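Hi everyone, thanks for coming. I'd like to walk you through one model today, so let's put it up on the screen.

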Amino acid sequence: MSDPCIITVAITGSVPRKRDNPALPVTIAEQIESTHEAFEAGASLVHVHVRDENENSSSDPEKFARLQEGVAQHCPGMIMQFSTGGRGRQMEQRGAMLYLKPDMASLATGSVNFPTIVYENPPDFVRGLAKTMLDFGIKPEIEVFDLAMLYNTADLVREGLIVDPPHVQFVFGVKHALPARREILEFEVAQLKKLLPRATWTAAGIGRHQLEVNRWSLEMGGHCRTGLEDNVRWDKQTLAPGNAALVRRVAQLCGEYGRPVATAAQARAMLGLRPMS
Ligand code: ZN
């Protein structure tokens, strides 16, 4: 039997807007509802951002707390992952809500160009965020937007700032970062196995690359990420009806590749997180 696949749903992000897709959840109530539907469709991990009243990215701990509480209540055992991503937030704000101790938080281990900005993650800042996560018992999800970030991760594990085995996400299709090419993923996975043999991994494709990257991951034994943060479209002609529909499509794909969809309890065990209470 193949390993179960953990489906991550990235429900909103900081870039897509309601005008891009009306199904995008923006308020906390919408986010809880959308997460619940995605959970019922097979997602066991939710990656979250919160927005202010203008739909911009926010670090408001009060909003993160409400979202965390709502998801815990409606989606028993689902893994909560806070984004510490940059867009629209000052650097010192990016970890301001980590005292809420989500199961996981994203951690990019280097800087990279995004479509219109530099996604700035200087070495000391990365170390500081890693240390905060370590102190709060939060498992980082390492975001690998560019190759050096993988080797930086291995260094941070060696330094004891990231607990071994880490969980790594390879991201493809962000303009100015790595393009969606299967050979790159194959190389990254091979390097990961050499450097950090016990690590788990997911891959995410942005925009029209979402589904194709899901297929590569399923074939190569990785986990999958989907959701409106990365892609608001269903296909060239139509918008995605919502996060749950995107999750359902990946769950179906898991069947095609003989991979069971991980339950929340299985996902927790695979990632070494505390069991469901
Ligand atoms: Zn995100």
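**The metal site and its surroundings**

Let's begin with His47, which counts as buried because its relative accessibility is just 3%. One thing to keep in mind as we go: this is a predicted model.

So what coordinates the zinc ion? The donors are NE2 of His47, NE2 of His49, and two OE atoms of Glu229, at 2.1 to 2.7 Å. Along the sequence, these donor residues follow the spacing H-x1-H-x179-E. His47 sits in strand E2, residues 45–48, while Glu229 is in the loop between strand E12 (223–226) and helix H7 (243–256), so that the pair links distant parts of the chain, 182 residues apart. Glu229 is buried too, with a relative accessible area of 15%.

And the geometry? The four donor atoms subtend angles of 53 to 134 degrees around the zinc ion, and the arrangement is therefore irregular.

Glu229 also takes us to the largest pocket: Glu229 is among the residues that lie nearest its centre, along with Val15, Arg87, Val174 and Ile206. That pocket has a volume of about 620 Å³ and is lined by 34 residues. By class, the lining has 13 nonpolar, 14 polar and seven charged residues.

Last stop, the cysteines. How many disulfides does the structure hold? Zero. For Cys5, the closest cysteine sulfur is that of Cys224, and at 3.9 Å it is too far for a bond. Cys254 is in no disulfide either, with the sulfur of Cys5 as its nearest cysteine sulfur, 3.9 Å away. Cys5 counts as buried, at 0% relative accessibility, and Cys254 counts as buried at 0% as well.

Thanks, and I'm happy to chat.

Technical notes
Residues numbered from 1 in each chain as written. Predicted model: local features only at pLDDT ≥ 70, side-chain atom pairs only at ≥ 80, totals over all residues. Heavy atoms only, no water. 1 Å grid on protein atoms, 1.4 Å probe; cavity = no way out; pocket = protein on both sides within 12 Å on 5 of 7 lines; lining within 4 Å. Points joined across faces, edges and corners; volume = space filled by probe spheres on them. Nonpolar A, V, L, I, M, F, W, Y, C, P; charged D, E, K, R; others polar. Disulfide = S-S within 2.5 Å. Buried < 20%, exposed > 50% of the residue type's maximum accessible area, 1.4 Å probe, protein only. Donors = N, O, S within 2.8 Å, 3.2 Å for Na, K, Ca; no water. Tetrahedral: all angles 85-135°; square planar, octahedral: opposite > 155°, others 65-115°. Helix = DSSP H or I, 4+ residues; strand = E, 2+ residues; numbered from the N terminus.
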